[in-house]
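This report describes the fold and the ligand surroundings of one protein chain. The sequence and coordinates are shown first, and the discussion follows.

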Amino acid sequence: MAGLAYSPGKAIVLARGQTFYSIPDTLIADDGRSYIVGDHINSGGNAVVHACYEKSTGDSYAVKFQVELRNRRRERFEREIQLLRELDDPHIISFVASGKVRGTKMVKQHNVRGRPLQNVNRVDDVPFVVLSLAIASLAEHARSPNQIANATYLGQFIGLARALEKINCKALHRDIKPENILVVGETWAISDFGLCDLTVEGVDLSADDERIGPAFWMSPEALNKQLGCGDLIGQGSDVFQLASVFWYVACGRHPTGIVRRDDWKGPEHLYPVIERALLHTKERRFASSEAFKDALIEAVGLSNRSEHEVTPS
Ligand SMILES: Nc1ncnc2c1ncn2[C@@H]1O[C@H](COP(=O)(O)OP(=O)(O)O)[C@@H](O)[C@H]1O
Ligand SMILES: [Mg+2]
């Protein structure tokens, strides 16, 4: 990810696809503090993320600008901020501040032959949230040539499962994938609550054909819902997505298709828990993220014990 290089006083251009926003480089957040915008870090489906620092302390953070504002995206972003404010856990990205900045939107229009027609400039409020700064996402981290050791990831898995239990008390995340798990110092933290749905008795209420979740990391029921098979999405879907990420970390591969013990490269005691979390039929998986977390803690305890067992000579 990008480092922290700043040129205060310049306009910043937020670019995502054909949408560009020009904003001032100083943001005044709702907490009354000023944040200076720095280098671009990355862009997701809806947002552009830059490094930033707080003017009076010099502390570094990340700032996420919601640049896609059509189709209830502004409302979803407000909900994301609300959840970030409420959720307090080392394995959930930390909320620092939020606000809006006046931006000039530039939309490039084209004629039928794709030739530029004219640029439309419009002033718009761009909402943003300031977050703790991650050094990478798990997508980049897991791809690095040095394989992540069991001793490193087992503690992170438990922390993430605990964090998911907390999230599921308020919402279904629905977008768990390596890009949305950030590495903050030594800690892996769940981020990007943009696709969250506030749960009503654990049941999702979005439209039947709405795409819910990232293409490669969708649970079978999320995929079936999109195909119009009328499936319901609950905590089991988030459990499936998180277990897929665990498999990816432990094996360096996506768990496509039916998983088998022969393909598992993580600790032996963990396999039955991951296998159950990845079952195709959601009723056969864990009933809740709490049950998944409990099973994981027990399995990791067993793994640690057998690792330290001394074979009698
Ligand atoms: N707090 C952060 N620190 C560092 N990088 C971040 C942070 N938040 C997001 N990013 C980077 O920006 C990308 C897009 O952010 P994300 O919240 O996932 O937006 P979107 O809703 O558009 O997917 C992430 O995949 C990650 O690479
Ligand atoms: Mg994302």
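Does Gly194 count as buried or exposed, and how many C-beta neighbours lie inside 10 Å? In this predicted model, Gly194 has 22 C-beta neighbours inside 10 Å and therefore counts as buried, the threshold being 20 or more. Gly194 belongs to the loop that joins S12 to strand S13 (197-198). Apart from neighbours within four places in sequence, the contacts of Gly194 are Asn46, Arg76, Phe77, Glu80 and Asp175.

**Overall composition**

The chain contains 7 helices and 13 strands. Of its 313 residues, 39% are buried. Among contacts between residues at least 6 apart in sequence, 62% join residues at least 24 apart. Two residue pairs separated in sequence are set out below.

| Residue pair | Separation in sequence | C-alpha to C-alpha distance |
|---|---|---|
| Gly194 and Gly45 | 149 residues | 9.7 Å |
| Gln156 and His91 | 65 residues | 8.1 Å |

**Surroundings of ligand 1**

There are 21 residues around ligand 1, and those that come nearest are Asn42, Gly44, Ala47, Ala62 and Ala134. By character, the shell divides into 9 nonpolar, 9 polar and 3 charged residues. Strand S4 (34-43), strand S5 (47-54) and strand S6 (60-66) each contribute at least two residues to this shell. Where does the ligand lie with respect to domain 1 and domain 2? Ligand 1 lies between them, because domain 1 (11-131) and domain 2 (136-308) both give residues to its shell.

**The S5-S6 hairpin**

Two of the strands that supply the shell, S5 and S6, are joined as a hairpin with 5 residues between them. Within the turn, Gly58 has a positive phi of about 80°. The pairing of S5 with S6 is antiparallel and extends over 7 bridges. Ala47, one of the residues that come nearest to ligand 1, has Gln66 in S6 as its bridge partner. Of the 7 residues of S6, 5 are buried, so this strand is largely enclosed by the rest of the structure.

**A three-stranded sheet**

Strands of a sheet pair through backbone hydrogen bonds, in either a parallel or an antiparallel arrangement. One open sheet here has 3 strands in the order S9-S11-S12, and its pairing is antiparallel. Strand S9 (136-137) and strand S12 (187-190) stand at the edges with a single partner strand each, so one side of each has no neighbour in the sheet. S9 pairs with strand S11 (residues 181-184) over 2 bridges. Across this pairing, Ala136 stands opposite Val183 in S11.

**Helix H3**

What span should the 19 residues of helix H3 have at 1.5 Å a residue? The expected span of H3 (residues 150-168) is 27 Å, and the C-alpha atoms at its ends are 26 Å apart, which agrees. The buried residues of H3 are Tyr153, Leu154, Gln156, Phe157, Leu160, Ala161, Ala163, Leu164, Glu165, Ile167 and Asn168. An α-helix has 3.6 residues a turn, so residues three or four places apart point the same way. Gln156, which is found in H3, counts as buried because it has 20 C-beta neighbours inside 10 Å. The cut-off for a buried residue is 20 or more such neighbours.

Conventions. Residues numbered from 1 in each chain as written. Chains lettered and ligands numbered in written order. Predicted model: local features only at pLDDT ≥ 70, side-chain atom pairs only at ≥ 80, totals over all residues. Near = placed C-beta within 6 Å. Helix = DSSP H or I, 4+ residues; strand = E, 2+ residues; numbered from the N terminus. Nonpolar A, V, L, I, M, F, W, Y, C, P; charged D, E, K, R; others polar. Domains from an automatic or database assignment. Expected span 1.5 Å × (residues − 1). Buried ≥ 20, exposed ≤ 12 C-beta atoms within 10 Å, placed from the backbone. Pairing = 2+ DSSP bridges. Contact = placed C-beta atoms within 7 Å.
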